[in-house]
Amino acid sequence: MSTPVVVPRERALPDSPLAKVQAGIDACVHCGFCLQACPTYLTLEDENDSPRGRIVLMRSLLEGTLTPTNDSVETHIARCLGCRACETVCPSGVPYGHLLEATRATLARSRPIPRIARAILAVFSRRSLLSLAMFGGRVMRATGIARLMSGLPGRIGFAMAMLTSTDRASSSSDEPGEYLSRGNGTRGNVSLLTGCVMEGLFAGTNAATERTLAVNDYLVARPAGQVCCGALHAHAGDDEAACELARSNIAAFEREQCDYVCVNAAGCGAMMKEYGHLFADDPEWHERAKTLSAKVRDVTELLSVAGPKRGGSVPIRVAYDAPCHLLHAQRVSSPPLDVLRAIPDLELVPLVESDVCCGSAGIYNLVEPETSNVVLDRKLENIEQTNADVVATGNPGCMMQIGAGLVRSGSRKSTVHLVDLLDRSYRRAARDSDGKRGGRAK
Amino acid sequence: MAATSVASAPSVSATSSIDQALADRLAAIVGARRVLFRPSELLTYTADALPSYFKQPALAVFPGTRDEVVAVVRELAACGVPFVPRGAGTGLSGGALADGVVLVGLNRLTRVISVDPDNMMATVEPGVVNVALSRAVGAYGLHYAPDPSSQAACTIGGNVAENAGGPHCLKYGVTTNHILALEVILPSGEIVTLGGTDGENEGYDLVGAFVGSEGCFGIALAITVRLSRNPEGVRTLLADFMSIDAAAQTVSAIVATGIIPAALEMIDQATIRAVESSIYAAGYPTDAAAALLIELDGAIAGLEHDVETVETLCRANGARTVRIARDEVERTRLWQGRKKAFGAMGRVSSHLVVQDAVVPRTKLPEVLAQIHRVSQQNRVKVCNVFHAGDGNLHPNIAYDASDADETARVHVAMREIMTLCVDAGGTITGEHGVGLDKIAYMELIFSPESLAAMCTLREVFDPERRSNPGKVVPVHSCREWHMSPAARPSASLA
């Protein structure tokens, strides 16, 4: 006769980051409701590549059944996109994102983070290197070298396609019409996180973010001294580097005394909203981190509270693909749609699995290209089944991942940040009223 | 869920032939990636959704097409290796656990083979997820009626194996009422077709025998299901009560009117609180002793009258408030809270057992009071969430399995609850199946002769007893089991 077993509770890794999240692991009752939400399970079809499978591996590490150097652990934990779609379906509230980061930090103590990941993270940690890399990227983009190389096989070709797609994406600045980006400022002071990739490759979108916020009555500033948010480092298990970057940002944004910190990159926004958690064990920084986190808003949250104000007609068909770190990590679901719906004549077309990851996941597409491609292919198939002209989203990683897929498949569709669409709408309103009255709108 | 370290010793002698050579032969069929042989890759497959039992398979194989399933089963037949079919691993009876044998995962067979909207049926592969089937036929105004709470993850193949139920089975019937035909590969490798799509079949109802056979009769390769038309109108009510007794009385009162609700669910306070602290919070009142979730559907004409009748009955029996969902969004929210309640138990404690007893509906108030007493006597946390309309109870006991004393008390309480349900004229499982979890209770309700008859039936499909060994029937209690089939006297079900 079978009876329920008594589970031993020894701790194999007593002082590890993983041991600290034991309660989160215990919350999993193996119900399996996460399976159909997990992009790697849907595409790889092995439960080891699902949230509950990975949680079993995490638990085995703590029980000592498996060691941090076990290949199965390494493979399946590395293959997780960290999209956190499992969190928005989990009835038990398993904080999967935290478990994943704690596991990666624990594994990083026993075996080094992969070389390519370390190289990328090192660049993002240092402003001078980052500026240089972004400058190089812009040169490759402007000279057409990126486009030429975008068809090459492997990581290089894909990276070049990503770069190429950013050219197509920043299209709102090509739109004629200028508008006076000023409202009454009554909605409060906003500090903008300019971001690494956003400022490096999507500077036009950052400018559009400032303009659209101003029209909607926010006063926007760009605090000096801000650095990379540290999300890429935290996801990879390099929590020391993540904390160092976070401390710089906390100090930089404190100096501004703002009401809100605005982020237009979902991944960075999710990270900054979790600074409080990052410093949970650090009495010196915890309160400061929590205070900053409480001020962080995605740009669409700020815009949707304000309406946003209506602009001119933008008669295109748009499919919205939700960034995982907006929908699942930040649980922001309707504000992006509010923004799109506020644009006259814009037709929002449904996209199947718009809540499933595109495979970008920070630097995942460069570190785990194989799985990333399988996940992306499924996304591209769903996109091709729509009659959308563009795919709107709210995160540079997603814009470049989907954008690269579209470039490489020769699709006529492209990606765009939804703030650029709102900006385009405001430009058209200005142009239209210029035509009528010979003056500036707004 | 835990105890991945507690892999019990393989129980079957054929285990010795599960070796690298077999893994290689299977890999030649399905591809190397689809055969898991290293213990560290098999850990997640040691449990289903009842995280109290752990059995480590010796090997797991994941065919991706019908032909691959056929080839895998024939390979296993050729070397006489036992196997366990598994869908999504969302079962609640330990039914898909493979103790030192081969696990055959069917989750990759996710094709909807055909949809025939005019004749209201569809044929699917076994790995199609329950809710995906309804989604696939939604455009025709149709759906697949049986809706287990795990429908967002569980597979139709698993539903067939367990004869799964669900809230809406009160009015529409359980899985077996919705399966028209099955293409089955027997453990011997022979392929047979059971049932048919052209009405009642001549001869024995073999579909009826296969549905609910818990993986002991073979693997369904293709399943033809009956689809149901979406009702013209649906009304969902939430009534809350200050005593469980009042809620239970209301259930009987509603059924006595002759109105058949599409669903009639009861949720007690402990469950309400777990759900309300989750992302599936549905607005159930957390201070109520119990709530009833009542759904009425059918033709618009007459529906409002039924709603009024039910509302009046609820109030007459002591309902504090009765809320009617205003729109589809609110209706979905009310249902999501109920359907995810089981998963939310992780908020109460780290481990969980779920019972599935059925009692006569009229005995509900009495049985619920007894369960409450048992939980107090044994100092365990029982959360009740169940299909009240058909008396199918799901007492969930959340506990900490690292606490040996608590684990022992949970086990005692489970057995006491099961016994009192049987004493009240009930039975041990309504929809989760016997599997591993309830095998110990089979002797409470079946005589040795009846159990032997079940073994005899099984032999028709699986004479070597290789498919899902060690489940459903406690072999030691079949008196004639050790005799050869020829010498065994015929036995009838009690």
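**Exercise 1. Which residues of α11(B) are buried?**

*Solution.* A quick note before we start: this is a predicted model.

Step 1: find the helix. In chain B, α11 covers residues 328–339, which makes 12 residues. From first C-alpha to last it reaches 16 Å, close to the expected 16 Å.

Step 2: pick out the buried positions. A residue counts as buried if 20 or more other C-beta atoms lie within 10 Å of its own. For α11(B) that gives B:Leu334, B:Trp335, B:Gly337, B:Arg338 and B:Lys339.

Step 3: look at what they pack against. Their partners in chain B are the strands β12 (233–241), β13 (263–268) and β14 (290–298), together with helix α9 (269–276).

**Exercise 2. Do the same for helix α22 of chain A: find its buried residues and what covers them**.

*Solution.* Step 1: go to residues 369–384 of chain A, where α22 runs for 16 residues. Its end-to-end reach is 22 Å between C-alphas, close to the 22 Å expected.

Step 2: list the buried residues. You should have A:Thr371, A:Ser372, A:Val375, A:Leu376, A:Lys379, A:Leu380 and A:Ile383.

Step 3: check the cover. It includes the helices α3 (39–44), α21 (364–367) and α23 (396–408) of chain A, and also the strands β5 (317–320) and β7 (390–393).

**Exercise 3. Describe how α8(B) and α10(B) pack together**.

*Solution.* Step 1: start with the geometry. Helix α8 spans residues 244–256 of chain B and helix α10 spans 303–316; they pack at an angle of about 145°, and their axes are 9 Å apart. The crossing is right-handed.

Step 2: name the residues that meet. On the α8(B) side you'll find B:Thr250, B:Ala253 and B:Ile254, and facing them in α10(B) are B:Val310, B:Leu313 and B:Cys314.

Step 3: sort them by class. The contact has 5 nonpolar residues, 1 polar and no charged.

**Exercise 4. Stay in α8(B). Why does B:Ala247 count as buried?**

*Solution.* Step 1: place the residue. B:Ala247 sits in helix α8 of chain B.

Step 2: count the neighbours. B:Ala247 has 28 C-beta neighbours inside 10 Å, so B:Ala247 counts as buried. The cut-off is 20 or more.

Step 3: see who touches it. Setting aside neighbours within four places in sequence, the contacts of B:Ala247 are B:Phe241, B:Met266, B:Ala290 and B:Leu292.

Step 4: try a distance. From B:Ala247 to B:His168 you cross 79 residues in sequence and 19 Å in space, C-alpha to C-alpha.

**Exercise 5. Two residues of chain A have a positive phi although they are not glycines: A:His30 and A:Gln257. Is each one buried or exposed?**

*Solution.* Step 1: take A:His30, whose phi is about 65°. Look for it in the loop between α2 (22–26) and α3 of chain A. A:His30 is buried, because 27 other C-beta atoms lie within 10 Å.

Step 2: move to A:Gln257, with a phi of about 55°. This residue belongs to the loop between α14 (239–256) and β3 (260–263) of chain A. A:Gln257 has 10 C-beta neighbours inside 10 Å, so A:Gln257 counts as exposed. The cut-off for exposed is 12 or fewer.

Step 3: while you're looking at loops, find A:Pro308, between α18 (299–305) and β5 of chain A. The peptide bond from A:Gly307 to A:Pro308 is cis, with omega near -15°.

**Exercise 6. How many residues does each domain of chain A bring to the contact between them?**

*Solution.* Step 1: set the bounds. Chain A has domain 1 (17–110) and domain 2 (308–429). Their C-alpha centres lie 27 Å apart.

Step 2: count both sides. Domain 1 of chain A brings 14 residues and domain 2 of chain A brings 15.

Step 3: zoom in on the domain 1 side. There, α3(A) gives the most, with 4 residues. By class that side has 6 nonpolar, 5 polar and 3 charged residues.

**Exercise 7. Which helix of chain A gives the most to the side that touches chain B?**

*Solution.* Step 1: get the totals. Chain A has 37 residues in contact with 50 residues of chain B.

Step 2: find the top contributor. Helix α4 (residues 51–63) of chain A gives the most, with 7 residues.

Step 3: sort by class. The chain A side holds 16 nonpolar, 14 polar and 7 charged residues.

Notes. Residues numbered from 1 in each chain as written. Chains lettered and ligands numbered in written order. Predicted model: local features only at pLDDT ≥ 70, side-chain atom pairs only at ≥ 80, totals over all residues. Helix = DSSP H or I, 4+ residues; strand = E, 2+ residues; numbered from the N terminus. Expected span 1.5 Å × (residues − 1). Contact = placed C-beta atoms within 7 Å. Nonpolar A, V, L, I, M, F, W, Y, C, P; charged D, E, K, R; others polar. Axes fitted to C-alpha atoms, helices over the stretch in contact; angles between N-to-C directions. Left-handed = near helix turned anticlockwise from the far one by under 90°. Domains from an automatic or database assignment.
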